[in-house]
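Reader: Hey, got a minute to walk me through this one? I'd like to talk helix packing and holes.

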Amino acid sequence: MRVETRTGEYDVHIERGALRKLVTLVRAVIGDRGIFLISDSGAWNHVRDDLIPGLEKWRGHLILLHPGERHKRLDNVEMICTELHAFGADRTSVLVTIGGGVTGDVGGFAAACYMRGIDFVQVPTTLLAQVDASVGGKTGVNLESGKNLVGAFHQPRLVVVDPRTLATLPKREYRAGLQEVVKHGVIRSLGLFEFMESQANAVLAQEPAAVERMIVDSVRIKSEVVGADERETGLRRILNFGHTLGHALEAETGYQELLHGEAVGFGMLAATRLSELLGRAGPLDCRRIERTILSYLPKLRGRLRSVRANNIVDRIGGDKKAVGGRARFVLIEGIGRTVEVVAPPKSAVLAATGHALKLVRKSSRRSAA
């Protein structure tokens with residue numbers, strides 16, 4: 001599948017077993033240049049057996065990161081750049097990031113910064129990264145005060161997706177990634193939404209046809225949006241559905257209690273309710289969306305026990321998409337149709353946030369019963 005943007009074009013290669021021929025796929029795009037691998041320790045343990053037979057051809061160096069959102073920080077970007085320089089990376093070198101969204105974001109940002117920008121290749125190994133984070137050229141790291149506040153747009157030269165890697169994911173992480181698939185359906189594709197709504201058993205069982213349908217449709221949707229609006233000045237903002245309050249929840253819980261997809265699921269529940277409260281969407285569509293989100297959302301049980309709606313809402317002014325402290329919300333007008341609202345009434349945002357917390361807590365109690 002081809003992604004075309006103002007600053008470049010690249011393929012997203014989706015194939016079971018693609019890891020086994022990664023060297024060939026990358027060399028076909030970048031030629032005989034020095035290659036440096038960046039992975040996290042968890043992902044590397046799962047993929048190394050597929051990669052090691054061809055690694056002697058890379059003539060490069062492996063840099064391992066600690067997994068997890070709390071390591072998505074500037075000090076890791078500095079560490080990567082220091083390692084690159086120590087092992088002789090120059091402006092012709094290429095970074096290949098292998099892992100989840102954090103590894104891709106940190107490694108991609110290092111590629112954007114090192115010697116003012118070198119090429120990189122994304123090899124996403126989690127569902128969230130395969131359907132969302134690896135496509136579109138957004139790279140960056142978190143600050144204590146907010147998520148993804150430091151970063152750059154830097155498009156990869158190639159994205160290689162091997163759906164087999166999903167079999168290694170914990171169930172919780174796989175379910176978290178499904179939230180981004182549901183998001184793509186809600187904002188852009190009634191067909192994908194109806195598939196996720198009706199095929200939960202096949203999706204949760206990771207049946208190959210279902211997994212490949214999700215990945216291909218999501219990549220297609222994101223590539224269309226990114227191709228039309230690379231720098232997020234208009235259309236691309238629809239991809240932030242659920243992220244305004246989702247990012248605020250991640251910050252409120254210290255980036256340690258929730259996976260990113262779980263926070264996005266919560267944020268979508270709140271944004272759906274806010275759409276209804278403001279008269280943008282009807283109750284029938286809103287209930288369908290809520291049921292589908294909750295059918296895939298991991299059971300968070302006590303992770304949100306001490307979280308308060310007003311504390312989440314107080315954080316949204318610091319979101320990177322806010323303008324002059326006024327938060328932007330992507331809301332729905334129906335399944336597959338969105339609208340952006342700037343600075344909706346705080347009372348409505350509080351009510352929607354409280355509603356989402358109640359839904360998640362109720363769902364978790366029901367699961368534990």
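Author: Sure. First, a bit of vocabulary: a crossing of two helices is called right-handed if the near helix is turned clockwise from the far one by less than a right angle, and left-handed if anticlockwise. Also keep in mind that this is a predicted model.

Reader: OK, so which hand is the crossing of α10 and α11?

Author: Right-handed: that is how α10 passes α11. The two pack at an angle of about 130°, and their axes are 7 Å apart.

Reader: And what does that make α10 relative to α11, oblique or roughly antiparallel?

Author: Oblique, because the angle is about 130° and roughly antiparallel needs over 145 degrees.

Reader: Which residues make the contact?

Author: From α10 you have H243, L245, G246, H247, L249 and E250, and from α11 H260, A263, V264, F266, G267 and A270. By class, that contact has six nonpolar residues, five polar and one charged.

Reader: Switching topic: how many cavities of 30 Å³ or more are there?

Author: Two. The largest has a volume of about 50 Å³.

Reader: What lines the largest one?

Author: Its lining is N240, F241, G242, H243, T244, L245, G267, A271, F329 and V330. Two or more residues each come from α10, α11 and β10 (328-334), and α10 gives the most, with three. H243, L245 and G267 in that lining also take part in the α10 and α11 contact.

Reader: Any charge in there, or how does the lining split by class?

Author: No charged residues; the lining is five nonpolar and five polar.

Reader: What about the second largest pocket, what's its volume?

Author: About 160 Å³. By class, its lining has three nonpolar, four polar and five charged residues. Among the lining residues are E9, D119, R157, E230 and R231. Strand β2 (residues 8-14) gives the most, with three residues.

Reader: Back to helices. How do α7 and α9 cross?

Author: The axes of α7 (residues 190-198) and α9 (residues 208-228) come within 11 Å and cross at roughly 155°. That makes α7 roughly antiparallel to α9. The crossing of α7 past α9 is left-handed.

Reader: And who's touching whom there?

Author: On α7 the contact uses G191, L192, F195 and M196; on α9 the partners are A210, R213, M214, D217, S218 and I221. These residues divide into six nonpolar, two polar and two charged.

Note on methods:
Residues are numbered from 1 along each chain as its sequence is written. This is a predicted model: local features need pLDDT of at least 70, side-chain atom pairs count only at pLDDT 80 or more; totals for chains, interfaces and linings use all residues. Side-chain values use heavy atoms; hydrogens and water are left out. Axes are lines fitted to C-alpha atoms, for helices over the stretch in contact, and angles run from 0 to 180 degrees between N-to-C directions. Helices (H or I, at least four residues) and strands (E, at least two) are DSSP runs, numbered from the N terminus. Angles under 35 degrees count as roughly parallel, over 145 as roughly antiparallel, 65 to 115 as roughly perpendicular and the rest as oblique. Contact means heavy atoms within 4.5 Å. Ala, Val, Leu, Ile, Met, Phe, Trp, Tyr, Cys and Pro count as nonpolar, Asp, Glu, Lys and Arg as charged, and the others, Gly among them, as polar. On a 1 Å grid over the protein atoms alone, a cavity is a set of points where a 1.4 Å probe fits but cannot get out, and a pocket is an open set with protein on both sides within 12 Å along at least five of seven lines; lining residues have an atom within 4 Å of a point. Grid points are joined across faces, edges and corners, and a volume is the space filled by probe spheres set on the points.
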